[in-house]
Amino acid sequence: MSPKVILYTSSVSFAANTRNHTDNLKYILESKGVEYETVDLSQNRERAEEMVQVSGGERKLPQLHVDEKSYGGWDNVQELEDHGELSKILQLE
């Protein structure tokens, strides 16, 4: 069974880094063939609380959650990818 993968983002971000990091996370997931749900918090404010609960209070976007565990944002996910751990988390191995 595939893991439940959620990418929390916001389409109303004025920070170029946030947009770039979101695009980079999407690219990694798509290049691995991972099915994921994108939650745009500017359109789904009611989902923000679930993100904050799972992430231990973190509100910074984007955030990647897999099976109700937060793996942080772009920097953390890229580090996991660099160390070969992301595919294991996404149950691709």
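**Exercise 1. Sheet**

Find how many bridges join strand E1 (residues 5-9) to strand E3 (residues 63-66), and which way the strands run. Then place both strands in the sheet of this predicted model.

*Solution.*
1. Four bridges link E1 and E3, and the two strands run antiparallel.
2. Take Leu 7: its bridge partner in E3 is Leu 64.
3. The sheet is open, has four strands and follows the order E2-E1-E3-E4, with mixed pairing.
4. Strand E2 (37-40) and strand E4 (69-70) are the edges, each pairing on one side only.

**Exercise 2. A salt bridge across the sequence**

Determine which parts the salt bridge of Lys 32 with Glu 81 ties together.

*Solution.*
1. The closest N and O atoms of Lys 32 and Glu 81 are 3.2 Å apart.
2. Lys 32 sits in the loop between helix H1 (16-31) and E2, and Glu 81 in helix H3, so the pair ties together parts 49 residues apart in sequence.
3. Lys 32 is partly exposed at 21% relative accessible area. Glu 81 is partly exposed at 28%.

**Exercise 3. A network**

Work out which residues are joined into one network by salt bridges that share partners.

*Solution.*
1. Arg 47 bridges to Glu 37, with the closest N and O atoms 2.8 Å apart.
2. Arg 47 lies in the loop between E2 and helix H2 (48-54) and Glu 37 in strand E2, so this pair ties together parts 10 residues apart in sequence.
3. Glu 50 also forms a salt bridge with Arg 47, at 2.9 Å.
4. The network is therefore Glu 37, Arg 47 and Glu 50.
5. Check burial: Arg 47 has a relative accessible area of 19%, so Arg 47 is buried, the cut-off being under 20%. Glu 50 is partly exposed at 29%.

Notes
Residues are numbered from 1 along each chain as its sequence is written. This is a predicted model: local features need pLDDT of at least 70, side-chain atom pairs count only at pLDDT 80 or more; totals for chains, interfaces and linings use all residues. Side-chain values use heavy atoms; hydrogens and water are left out. Two strands pair if DSSP finds at least two bridges between them. A salt bridge is a side-chain nitrogen of Lys or Arg within 4 Å of a carboxyl oxygen of Asp or Glu. Buried means under 20% relative accessible area, exposed over 50%, partly exposed in between (1.4 Å probe, protein chains only).
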